[in-house]
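Visitor: I've got a few minutes and a viewer open. Could you walk me through this one?

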Amino acid sequence: MIEPLTLKFSPNTGFISYTARMAVEGNCDMYFHYYPADTQTCEFQLKSFSFYSNDLELDWLLHGVYLQDPSEPNFDIQVSSIEKIKTIQPYNNPRNQTHDTLVFTILARRRLSFHLVQTYLPSIFFIIITWLCFLIPSKFIEARIGISMTTLLTLTAMFASVRESTPIVSYVKAIDLWMVFCIFFVFLTLLEFSILIWMRAIREDAEKDNTIEDKNGEDIATRRKNLSESLSQHSTSSSTLRAHGVFTEIVEKYAFVIFSIIFVVFNIIYWTWLLQAAKYFDWDVNATHTSIGEDD
């Protein structure tokens with residue numbers, strides 16, 4: 001109970017009016033499946049614990065609940081509805097008497113601007129850096145891997161920082177899906193570069209063996225016999241070499257386009273699902289309970 005407390009006597013009616021100001025802390029169950037595009041719905045009930053409707057009548061004033069200052073840097077907040085209902089106390093109530101209950105609902109929609117600037121845009125820029133690696137000549141494949149590894153470590157560190165500032169829950173959030181895909185995308189890029197190095201090594205070893213065979217004849221036959229186990233998985237036939245070369249050319253030519261298309265398609269699916277499933281744009285402000293504080 002917070003001061004002031006007032007008692008007013010009306011000489012015309014003989015009623016005594018008792019007024020008290022109260023500060024109430026409410027609890028709201030929040031769900032973060034669509035974080036950071038989530039909208040939290042908080043319903044609050046005010047009722048007497050001891051007095052039934054026959055003894056204590058509760059009702060809203062003219063405007064009921066309103067937000068005196070709806071501005072908040074991280075959320076869009078509004079009072080969506082107020083109502084008066086009758087509730088029955090489920091225990092110690094043999095006559096099933098009702099309580100007057102005042103109910104109001106507050107909606108809080110999280111603003112995306114923070115995570116767009118701090119998480120989504122930086123991760124997109126890092127993914128674009130991995131695309132630029134495809135433009136580096138294939139003879140500098142080690143440089144490609146170095147840039148991709150640096151990007152992967154940077155994304156991992158950035159997402160670890162993001163996780164520390166997000167709500168800790170046991171289920172997957174929308175931002176978790178984004179972080180996992182970005183890391184997986186860079187992993188696929190590293191996998192593609194590793195395959196190229198492996199294919200190049202196979203081709204170089206096969207070409208080297210063919211060249212030595214042409215020069216040394218019988219000596220290389222003996223050498224091949226000794227190294228048959230280590231080279232069993234590498235085919236030295238000309239058809240296999242051509243197949244390796246064609247595969248490498250296809251990967252080099254179309255990897256950039258394929259990876260770009262995959263990332264763009266993922267963005268379209270992700271943002272469409274997130275904004276629609278979270279109903280992010282279904283936000284009709286109730287001016288009766290949100291702007292009354294400014295009008296007064």
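Guide: Sure, and keep in mind that this is a predicted model. Let's start with the largest pocket, which holds about 1100 Å³ of space.

Visitor: Which residues lie closest to the centre of the largest pocket?
Guide: The lining of that pocket counts 21 residues. By class they split into 14 nonpolar, four polar and three charged. Closest to the centre are Ala 20, Met 22, Leu 46, Trp 60 and Leu 102.

Visitor: And which element gives the largest share of that lining?
Guide: β2 (16-21), β3 (39-47) and β5 (98-110) each bring at least two residues to the lining. The largest share is four residues, and the element supplying them is β2.

Visitor: Let me zoom out. In what order do the elements run from the N terminus on?
Guide: The chain has seven helices and five strands. Reading from the N terminus, the order is β-β-β-β-β-α-α-α-α-α-α-α.

Visitor: What percentage of contacts between residues at least 6 apart in sequence join residues at least 24 apart?
Guide: Some context on the chain: it has 296 residues, 33% of them buried, and its accessible surface comes to about 19400 Å², 60% of that belonging to carbon and sulfur atoms. For contacts between residues at least 6 apart in sequence, the part that joins residues at least 24 apart is 72%.

Visitor: Now the largest nonpolar core. Which helix gives the most to it?
Guide: That core has 36 residues, and those with the most contacts inside it are Ile 127, Leu 155, Phe 159, Trp 178, Phe 185, Phe 263 and Tyr 270. At least two residues come from each of α1 (113-133), α2 (141-165), α3 (174-216) and α5. With eleven residues, the top contributor is α3.

Visitor: What does Phe 185 touch, leaving out residues up to four places away in sequence?
Guide: Phe 185 is one of the core residues with the most contacts inside the core. Beyond those sequence neighbours, its partners are Ile 127, Thr 130, Trp 131, Phe 259 and Phe 263.

Visitor: How many residues are in the other core, the one lying apart from it?
Guide: Among its members are Cys 42, Trp 60, Val 65 and Leu 67. Trp 60 also turns up among the residues closest to the centre of the largest pocket. The size of this other core is nine residues.

Visitor: Is Thr 105 buried or exposed?
Guide: Thr 105 sits in strand β5. Sequence neighbours within four places aside, it contacts Thr 41, Cys 42, Glu 43, Gln 78, Val 79, Ser 80 and Ser 81. Its relative accessible area is 10%, and the cut-off is under 20%, so Thr 105 counts as buried.

Visitor: How far apart are the C-alpha atoms of Thr 87 and Thr 101?
Guide: Thr 87 belongs to strand β4 (residues 75-88) and is buried at 14% relative accessible area. Not counting residues up to four places away, it touches Lys 47, Gln 97, Thr 98, His 99 and Thr 101. Thr 87 and Thr 101 are 14 residues apart along the chain, and their C-alpha atoms are separated by 6.5 Å.

Visitor: Backbone oddities next. Is the peptide bond from Tyr 35 to Pro 36 cis or trans?
Guide: Pro 36 is in the loop between β2 and β3. Omega for the bond is near 15°, making it cis.

Visitor: Last one: what is the phi of Lys 279?
Guide: Lys 279 is in the loop between α5 (238-277) and α6 (287-290). At 55% relative accessibility it counts as exposed. Although Lys 279 is not a glycine, its phi is positive, at about 50°.

Note on methods:
Residues are numbered from 1 along each chain as its sequence is written. This is a predicted model: local features need pLDDT of at least 70, side-chain atom pairs count only at pLDDT 80 or more; totals for chains, interfaces and linings use all residues. Side-chain values use heavy atoms; hydrogens and water are left out. On a 1 Å grid over the protein atoms alone, a cavity is a set of points where a 1.4 Å probe fits but cannot get out, and a pocket is an open set with protein on both sides within 12 Å along at least five of seven lines; lining residues have an atom within 4 Å of a point. Grid points are joined across faces, edges and corners, and a volume is the space filled by probe spheres set on the points. Ala, Val, Leu, Ile, Met, Phe, Trp, Tyr, Cys and Pro count as nonpolar, Asp, Glu, Lys and Arg as charged, and the others, Gly among them, as polar. Buried means under 20% relative accessible area, exposed over 50%, partly exposed in between (1.4 Å probe, protein chains only). A nonpolar core is a set of buried Ala, Val, Leu, Ile, Met, Phe, Trp, Tyr and Cys residues joined through side-chain atoms within 4.5 Å. Contact means heavy atoms within 4.5 Å. Accessible areas come from the Shrake-Rupley method with a 1.4 Å probe; for residues, only the protein chains shown count as cover.
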